[in-house]
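The following exercises are to be worked with the sequence and the structure in view. Each task is followed by a solution in steps.

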Amino acid sequence: MNTVRLIYRKEMSAYFNSAVAYITLIIFLLINGWFFTSSFFLVGQSDLRILFNSVPLVFIFFIPAITMGSLARENHAGTMEFLTTLPVDDYQIVLGKFFSAVALIGVGLLFTLPHFITLLFVGTSPDIGAILCGYLGLLLVGAMYASIGMFGSAVSNNQITSFLLSFIIIFALYLFDKILIFVPPFLSGILQFLSTDYHFSNISRGVIDSRNIIYFLSVIFFFLTLSVRVLEIRKWR
């Protein structure tokens, strides 16, 4: 775990020693702030449903943007070959970079706490438990998208290609439960189960169902494993 921690620290330093993290976080904050403030006082609800609806949408663009360079940058610069000559396993590289991306997502979610505090002051008996579940759901969605971003970044040396591949997979998983009326009945159950929004909506209502947690953890494990396999294949080419 020491190696994973070292890679994690290196990635976090890379994020915050450049303008990328600050610009990305500010854009994330502004977009979510606009969604929240433009509707919060109109709908008259004492919850963060508006925020929980908007953040997954913003994640679709935000997370591929922060993960596209994680492995693609190393591949393009040729430093991945150097890393693989060190006593570092591929899974340690992927995990270190994955945890740093999740940490950055967590920082982004911390930036939304002023909305939560606003609700505490002006809301009427807000359901704190449901709101905390919503934040847990957002972190799981973010971690799942980050694992897909790792896979996209492992596949290509080009960051734009990595971004597009991650975006397409994430958008498809987000869209599945919204096209159910257009697909044959035998496919609707499968697409609904694969849909990110279906599982997140259950958690954001304050319902902690193990099936939803298992879904997120399984997808994360699947894409991180794929990322490691891609690195192994590229090493032997």
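**Exercise 1.** Determine whether V88 is buried or exposed in this predicted model, and state where V88 lies.

*Solution.* Step 1: the relative accessible area of V88 is 15%. Step 2: a residue counts as buried under 20%, so V88 is buried. Step 3: V88 belongs to the loop between α5 (79–85) and α6 (90–110). Step 4: V88 and I7 are separated by 81 residues in sequence, while their C-alpha atoms are 10.0 Å apart in space.

**Exercise 2.** Describe the overall make-up of the protein chain: its helices and strands, its share of buried residues and its contacts.

*Solution.* Step 1: the protein chain contains twelve helices and zero strands. Step 2: read from the N terminus, the order of elements is therefore α-α-α-α-α-α-α-α-α-α-α-α. Step 3: of the 237 residues in the protein chain, 46% are buried. Step 4: take the contacts between residues at least 6 apart in sequence; 74% of these join residues at least 24 apart.

**Exercise 3.** Classify K97 and S166 as buried or exposed, and list their contacts beyond four places in sequence.

*Solution.* Step 1: K97 is part of helix α6. Its relative accessible area is 1%, so K97 is buried. Step 2: leaving out residues up to four places away in sequence, K97 touches I7, E11, S70, L71, E74 and M150. Step 3: S166 is found in helix α9 (residues 159–175). With a relative accessibility of 1%, S166 is likewise buried. Step 4: with residues up to four places away again left out, S166 touches P64, I148, G149 and G152.

**Exercise 4.** Characterise the packing of helix α3 against helix α8 by angle, distance, handedness and contact residues.

*Solution.* Step 1: helix α3 (residues 49–67) and helix α8 (residues 128–155) pack at an angle of about 25°, and their axes are 9 Å apart. Step 2: angles under 35 degrees count as roughly parallel, which means that α3 is roughly parallel to α8. Step 3: the crossing of the two helices is right-handed. Step 4: α3 contributes L51, F52, V55, P56, F59, I60, I63 and T67 to the contact, and α8 contributes A130, I131, G134, Y135, L138, V141, G142, Y145, A146, G149, M150 and S153. Step 5: sorted by class, this contact has 15 nonpolar residues, five polar and no charged ones.

**Exercise 5.** Carry out the analysis for helix α7 and α8, giving the direction and the classes of the contact residues.

*Solution.* Step 1: the axes of helix α7 (residues 113–122) and α8 come within 12 Å and cross at roughly 170°. Step 2: angles over 145 degrees count as roughly antiparallel, so α7 is roughly antiparallel to α8. Step 3: L113, F116, L119 and L120 of α7 meet I128, I131 and Y135 of α8. Step 4: the contact comprises seven nonpolar, no polar and no charged residues.

**Exercise 6.** Which residues have the most contacts inside the largest nonpolar core, and which helix gives the most to this core?

*Solution.* Step 1: the largest nonpolar core has 62 residues, and L48, F59, F62, M144 and Y145 have the most contacts inside it. Step 2: helix α8 gives the most to this core, with 14 residues. Step 3: setting aside neighbours within four places in sequence, F62 is in contact with T24, L25, F28 and I105.

Terms used
Residues are numbered from 1 along each chain as its sequence is written. This is a predicted model: local features need pLDDT of at least 70, side-chain atom pairs count only at pLDDT 80 or more; totals for chains, interfaces and linings use all residues. Side-chain values use heavy atoms; hydrogens and water are left out. Axes are lines fitted to C-alpha atoms, for helices over the stretch in contact, and angles run from 0 to 180 degrees between N-to-C directions. Helices (H or I, at least four residues) and strands (E, at least two) are DSSP runs, numbered from the N terminus. Angles under 35 degrees count as roughly parallel, over 145 as roughly antiparallel, 65 to 115 as roughly perpendicular and the rest as oblique. A crossing is left-handed if the near helix is turned anticlockwise from the far one by less than a right angle, and right-handed if clockwise. Contact means heavy atoms within 4.5 Å. Ala, Val, Leu, Ile, Met, Phe, Trp, Tyr, Cys and Pro count as nonpolar, Asp, Glu, Lys and Arg as charged, and the others, Gly among them, as polar. Buried means under 20% relative accessible area, exposed over 50%, partly exposed in between (1.4 Å probe, protein chains only). A nonpolar core is a set of buried Ala, Val, Leu, Ile, Met, Phe, Trp, Tyr and Cys residues joined through side-chain atoms within 4.5 Å.
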